[in-house]
Amino acid sequence: MTGEWATHSLLLWMQDVHIKERMLELIKDTAGKLGYLIYESSILYKGENSQIHVKIDSPAGISHLDCEKFSRELSARLDAEDALPNYSLEVSSPGLNRLLRNSSEFRRFPGAPVKVVYEEGGSRRVVKGTIGEMTDTTVTVSYEKGDVVVPFDVIISANLDY
C-alpha cells in the first residue's frame with residue numbers, strides 16, 4: 001500500500017507542478033499580449049482556495065487602470081483554461097518604493113531617490129541619495145556629503161525611496 005500511496009502522491013505533485021507552470025505561462029503570455037512586464041508573480045496552489053499574486057510593470061509606469069485591464073484579461077484566460085476550480089487573483093504594481101534588483105532596474109530610474117544597503121569592509125553600510133552615474137559594475141549614489149560609488153556585487157538591498 002505504501003508504494004501505491006507514494007506513486008499517487010507523486011502523480012498529484014506532478015499535476016500540481018504542471019498546473020502552476022501553465023498558470024505562469026498564462027501570466028507571462030497575458031502580460032506580453034498587453035505590453036506589460038512581469039515584475040513578480042506567485043501561485044499558491046491549494047485546490048479550491050488557490051491564490052495568484054502578480055506585480056506588473058511597464059517603462060511608462062503602472063496605473064490602477066492597467067492593473068484592472070490585466071486582471072480582467074488574465075481572469076478570462078484562467079477561467080477558459082478551467083484548471084483552477086476557485087482562485088483569488090491580486091494584481092498590483094511594484095509600488096513607489098520598489099526594490100531595485102539589478103543594474104537594469106537602476107538604469108530605469110536615473111536621478112531617482114534611492115536607499116542602498118551594502119557590505120563594505122565586513123560591515124553593513126546604508127546610503128540614501130539619488131541614483132547617479134552607472135557603469136557595468138557600479139552605481140554612484142549622490143547625497144548631501146558627496147558621492148558614494150557602490151559595486152553592484154556588494155549591494156544587499158536597494159529600493160526607490162520616495
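**Exercise 1.** Determine whether Ser50 is buried or exposed, and list what surrounds Ser50.

Solution. Start with the cut-offs: a residue is buried under 20% relative accessible area, exposed over 50%, and partly exposed in between (1.4 Å probe, protein chains only). Ser50 has a relative accessible area of 1%, so Ser50 is buried. Next, place the residue: Ser50 belongs to strand 2, residues 50–57. Helices (H or I, at least four residues) and strands (E, at least two) are DSSP runs, numbered from the N terminus. Last, look for contacts, meaning heavy atoms within 4.5 Å. With neighbours within four places in sequence left aside, Ser50 is in contact with Leu44, Tyr45, Leu84, Asn86, Tyr87 and Ser88.

This is a predicted model, in which local features need pLDDT of at least 70 and side-chain atom pairs count only at pLDDT 80 or more, while totals for chains, interfaces and linings use all residues. Residues are numbered from 1 along each chain as its sequence is written, and side-chain values use heavy atoms, with hydrogens and water left out.

**Exercise 2.** State how confident the prediction is, and find residues where pLDDT stays under 50.

Solution. The score pLDDT is the predictor's confidence in each residue, from 0 to 100. The mean pLDDT of the protein is 90, and 90% of its residues reach 70 or more. Over residues 8–14, however, pLDDT stays under 50, and the model has zero contacts beyond four places in sequence for them. Where pLDDT is low, the predicted coordinates should not be read in detail.

**Exercise 3.** Describe the order of the elements and the overall dimensions of the protein.

Solution. First, count the elements: there are three helices and eight strands. Read from the N terminus, they run α-β-β-α-β-α-β-β-β-β-β. Then take the dimensions: along its principal axes, the C-alpha trace spans about 65 × 45 × 25 Å. The radius of gyration, taken over C-alpha atoms, is compared with a globule rule of 2.2 Å times the number of residues to the power 0.38. The protein has 21 Å, whereas a compact globule of 162 residues would have a value near 15 Å. Buried residues make up 31% of the 162 residues. Finally, of the contacts between residues at least 6 apart in sequence, 53% join residues at least 24 apart.

**Exercise 4.** Compare the settings of Lys46, Arg107 and Pro151.

Solution. Take each residue in turn.

- Lys46 sits in the loop between strand 1 (37–44) and strand 2. Lys46 counts as partly exposed because its relative accessibility is 44%. Lys46 and Ala76 are 30 residues apart in sequence, and their C-alpha atoms are 20 Å apart.
- Arg107 lies in helix 3, residues 103–107. Its relative accessibility is 38%, so Arg107 counts as partly exposed. Beyond four places in sequence, Arg107 touches Met134, Thr135 and Asp136. Thr138 is 31 residues from Arg107 along the chain, with 11 Å between the C-alpha atoms.
- Pro151 lies in strand 7, residues 146–151. At 31% relative accessibility, Pro151 counts as partly exposed. Not counting residues up to four places away in sequence, Pro151 touches Thr137 and Thr138. Gly132 is 19 residues from Pro151 along the chain, and their C-alpha atoms are separated by 13 Å.
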